[in-house]
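Student: I have the sequence and the 3D view side by side and would like to work through them with you. Could we take it one question at a time?

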Amino acid sequence: MKATLNLLNSDPFNFSEESKNLFLESFKENALYHYQNHEFTRKLWDKFNFHPAHLLKEEDLAQVPGTMVHLFKEHEFCSVSRERVVLILTSSGTGGQKSQQFLDEISLSNVKKLAYVIHENLGLVDRRLYNYLCFTYDPNVAKDLGTAFTDELLTNFTGKNEVYYAIQWNDEKNEFVLNEEGVVEALKRFSLSSLPTRILGFPAILHDIIVKYNIKINLSSESWLQTGGGWKGSADKEISKKEFRAFIEERLGIPQKNQRDLFGMVEHGIPYVDCEKGNLHIPNFSRVFIRSPFDLSLKPLGERGLIHFLCSYNFSYPAPSLLTTDYGRLGTCDCGRGGNILILEGRAGVSKHKGCAMKALELMEKK
Ligand SMILES: [Zn+2]
């Protein structure tokens with residue numbers, strides 16, 4: 001695991017030849033581990049005549065066959081014995097199909113490390129105390145849900161004062177419900193606090209609550225909004241990211257440079273986080289290829305296609321090369337960080353694998 005530790009100790013947005021080589025070496029190490037320890041991955045790669053030893057230069061990475069994301073929903077894929085798994089993350093998708101990601105001790109430590117350095121580089125790590133409003137399940141109640149884990153991880157990037165979890169277990173209904181009144185009260189309480197606020201949430205839900213309760217407060221220019229997963233949530237009332245950022249600045253007093261979106265998938269685990277200009281940066285801890293949905297050929301910068309992810313931190317879950325059903329494009333940003341940005345363009349196909357945002361929207365609609 002030495003090459004992977006070297007990678008995770010490096011600058012996430014430096015794409016010099018030397019840095020890119022750190023990813024290549026780490027990926028080779030990881031791919032070889034899965035090849036030797038996961039039968040399905042070995043057979044798939046053999047079928048495509050691919051072996052990790054073929055990875056000699058950066059361009060070779062595009063040759064790694066992708067495992068389709070739906071296979072992880074249908075099978076429990078794991079490259080270590082189950083006794084070594086210390087955490088199972090489950091995506092809270094509805095409709096019965098859930099993905100489970102298995103983390104052994106080293107992989108869990110790796111994902112925490114990489115999330116930290118990415119957020120630190122993007123200016124999100126701060127030792128001061130913050131009040132938190134999280135639009136998620138309390139991680140003490142729902143330990144295995146991806147978003148609850150993510151939020152627990154994200155709240156550890158700063159000092160914590162009060163943490164309010166908006167999705168709460170309701171004994172009467174025997175299910176999780178979104179406590180809207182609780183959210184409104186927390187926002188008002190935090191606006192009167194001398195401490196800044198961080199909101200972790202889904203854009204569509206936050207937008208609807210602000211409108212419904214006609215909220216206009218000032219959480220201060222030191223406050224942050226970190227969103228995830230909600231942009232395509234409710235298509236009928238979809239609002240653009242740009243409009244949303246201006247709306248949040250006006251209604252909550254959170255400057256646009258402190259509003260950051262995050263894209264992540266339970267099966268992949270790498271966080272793609274907005275810089276101050278609102279672009280999702282791809283770190284040197286992963287590779288993102290855009291492929292034609294017809295023949296999986298590589299698409300050039302700027303063209304739309306299916307997203308194919310590579311990562312190297314996880315030795316327990318055999319998803320080093322994940323072919324998704326999400327559409328996206330690669331682009332560039334002028335904020336000074338190296339590498340490309342990921343522009344999300346929605347999902348392929350008619351049947352949607354609903355993510356956490358959709359589930360949370362349903363929770364809200366039920367009320
Ligand atoms: Zn940028």
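**Salt bridges, zinc site and packing**

Student: At what relative accessibility does Glu345 count as partly exposed?
Tutor: Glu345 counts as partly exposed, the class between buried (under 20% relative accessible area) and exposed (over 50%), using a 1.4 Å probe and protein chains only. Keep in mind that this is a predicted model, where local features need pLDDT of at least 70, side-chain atom pairs count only at pLDDT 80 or more, and totals for chains, interfaces and linings use all residues. Residues are numbered from 1 along each chain as its sequence is written, and side-chain values use heavy atoms, leaving out hydrogens and water. For Glu345 the value is 23%.

Student: Which side chain meets Glu345 in a salt bridge?
Tutor: A salt bridge here is a side-chain nitrogen of Lys or Arg within 4 Å of a carboxyl oxygen of Asp or Glu, and the partner of Glu345 satisfies this at 2.9 Å, N to O. The two sit in distant parts of the chain, 16 residues apart, with Glu345 in strand E15 and its partner in strand E14; helices (H or I, at least four residues) and strands (E, at least two) are DSSP runs numbered from the N terminus. The partner is partly exposed at 26%, and it is Arg329.

Student: How many residues separate Arg337 and Glu276, which form a salt bridge?
Tutor: The closest N and O atoms of Arg337 and Glu276 are 3.1 Å apart. Arg337 lies in the loop between E14 and E15, while Glu276 lies in the loop between strand E10 (272-274) and E11. Arg337 counts as buried at 17% relative accessibility, whereas Glu276 is partly exposed at 30%. In sequence, this pair links distant parts of the chain at a separation of 61 residues.

Student: Which residue joins Arg128 and Glu222 in a network of salt bridges?
Tutor: Start with the bridge between Glu222 and Arg128, where the closest N and O atoms are 3.0 Å apart. This pair spans 94 residues, from strand E4 (residues 126-137), which holds Arg128, to the loop between helix H8 (203-212) and strand E8 (224-228), which holds Glu222. Glu222 is partly exposed at 36%, as is Arg128 at 43%. The residue linked with them in the network is Asp126.

Student: What is the geometry of the zinc site, given the angles among its four donor atoms?
Tutor: Donors are N, O and S atoms within 2.8 Å of the metal (3.2 Å for Na, K and Ca), and water is not among the atoms, so sites may look incomplete. Zinc is coordinated at 2.1 to 2.3 Å by the SG atoms of Cys275, Cys333 and Cys335 and by NE2 of His281. Four donors need all angles between 85 and 135 degrees to earn the label. Here the angles run from 101 to 116°, so by that definition the site is tetrahedral.

Student: How far apart in sequence are the parts that His281 and Cys335 tie together?
Tutor: Along the chain, the zinc donors follow the spacing C-x5-H-x51-C-x1-C. His281 is in strand E11 (residues 280-281) and Cys335 is in the loop between strand E14 (321-331) and strand E15 (341-347), so the parts they tie together are separated by 54 residues.

Student: Which residues of helix H3 are exposed on the side away from its buried ones?
Tutor: The buried residues of H3 (residues 39-47) are Thr41, Leu44 and Trp45. They cover an arc of only 95° (taken from the directions from the helix axis to the C-beta atoms), which puts them on the same side of H3. Their cover includes helix H2 (17-37) and strand E1 (67-68), counting a contact as heavy atoms within 4.5 Å. On the other side, the exposed residues are Lys43 and Lys47.

Student: Which residue stands opposite Val85 in E3?
Tutor: Strand E3 (residues 100-104) is mostly covered, with four of its five residues buried. E3 pairs with strand E2 (residues 85-90) in the antiparallel sense over five bridges, where pairing takes at least two DSSP bridges. Opposite Val85 stands Asp104.

Notes:
Tetrahedral: all angles 85-135°; square planar, octahedral: opposite > 155°, others 65-115°.
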